[in-house]
Amino acid sequence: HRDGAALRLPALDTELRRRLWWQILVLDGRMAELSGSGFSVLASLSDTKLPLNVNDTDLQPGVIDPPVPQTGATEMMFCLLRYEFGVFFVDA
């Protein structure tokens, strides 16, 4: 639930942490919806930013600086759309 950049982790570790955390939030939200229990407090305790709009090949082990996010379509496009919709519905 803590962003890897704030912890000064390498770019790959930071991005993997972001991707994993946001996937956990999506799954948690879906399970809360199915069970009728409402959303948990996970999102409110997090400072994790959305993953970058980059392809997996842009992430290399040992690199400290994160890659530049792309403006076009990437391998992360579908996941980022899901995360953005999730944020919209939680805030709505």
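**Arg8, the core and the inter-helix loop**

At 77% relative accessibility, Arg8 counts as exposed. The value comes from a predicted model. Arg8 belongs to the segment before α1. Its phi is near 60°, a positive value in a residue other than glycine. Most residues other than glycine have a negative phi.

The overall architecture was examined next. The protein chain has 2 helices and 0 strands. Helix α1 covers 11-35 and helix α2 covers 77-91, with a loop between them. The C-alpha trace spans about 40 × 30 × 20 Å along its principal axes. Of the 92 residues, 27% count as buried. The chain exposes about 6300 Å², and carbon and sulfur atoms supply 65% of that area. Contacts between residues at least 6 apart in sequence were also considered. Of these, 59% join residues at least 24 apart. The chain carries 8 positive and 12 negative charges. The mean positions of the two sets are 4 Å apart.

In soluble globular proteins, nonpolar side chains tend to be buried together. Here, the largest nonpolar core has 7 residues. They are Trp21, Trp22, Leu25, Val26, Met76, Leu80 and Tyr83. Two elements, α1 and α2, each give two or more residues to this core. Helix α1 gives the most, with 4 residues.

Three residues of the inter-helix loop were then examined in turn. Thr48 is found in the loop between α1 and α2. Its relative accessible area is 9%, under the 20% limit, so Thr48 counts as buried. The side chain of Thr48 reaches the backbone oxygen of His1 at 3.2 Å. Neighbours within four places in sequence are left aside in the contact list that follows. Thr48 is in contact with His1, Arg2 and Asp3, and also with Arg18, Trp21 and Trp22. Trp21 and Trp22 are also members of the largest nonpolar core.

Leu52 is found in the loop between α1 and α2 as well. Its relative accessibility is 16%, again under 20%, so Leu52 is buried. With neighbours within four places in sequence left aside, Leu52 is in contact with Glu15, Arg18, Pro66, Pro67, Pro69, Met76 and Leu80. Arg18 is also in the contact list of Thr48. Met76 and Leu80 belong to the largest nonpolar core. Separation in sequence and in space was computed for one pair. Leu52 and Ala32 are 20 residues apart in sequence. Their C-alpha atoms are 26 Å apart in space.

Asn55 is the third loop residue, also located between α1 and α2. Its relative accessible area is 17%, which is under 20% and therefore buried. Outside its neighbours within four places in sequence, Asn55 is in contact with Gln70, Thr74 and Glu75. The contact with Glu75 can be described in atomic detail. A polar atom of the Asn55 side chain lies 2.8 Å from the backbone nitrogen of Glu75.

Taken together, the loop residues Thr48, Leu52 and Asn55 are buried, whereas Arg8 is exposed. Thr48 has contacts with members of the core, including Trp21. Leu52 has such contacts too, including one with Leu80.

Technical notes. Residues are numbered from 1 along each chain as its sequence is written. This is a predicted model: local features need pLDDT of at least 70, side-chain atom pairs count only at pLDDT 80 or more; totals for chains, interfaces and linings use all residues. Side-chain values use heavy atoms; hydrogens and water are left out. Buried means under 20% relative accessible area, exposed over 50%, partly exposed in between (1.4 Å probe, protein chains only). Contact means heavy atoms within 4.5 Å. Accessible areas come from the Shrake-Rupley method with a 1.4 Å probe; for residues, only the protein chains shown count as cover. Lys and Arg count as positive and Asp and Glu as negative; His and the chain ends are not counted. The place of a charge is taken as NZ of Lys, CZ of Arg, CG of Asp or CD of Glu. A polar contact is a pair of N or O atoms within 3.5 Å; within protein, one must be able to donate a hydrogen and the other to accept it, and residues adjacent in sequence count only if both atoms are side-chain atoms. A nonpolar core is a set of buried Ala, Val, Leu, Ile, Met, Phe, Trp, Tyr and Cys residues joined through side-chain atoms within 4.5 Å.
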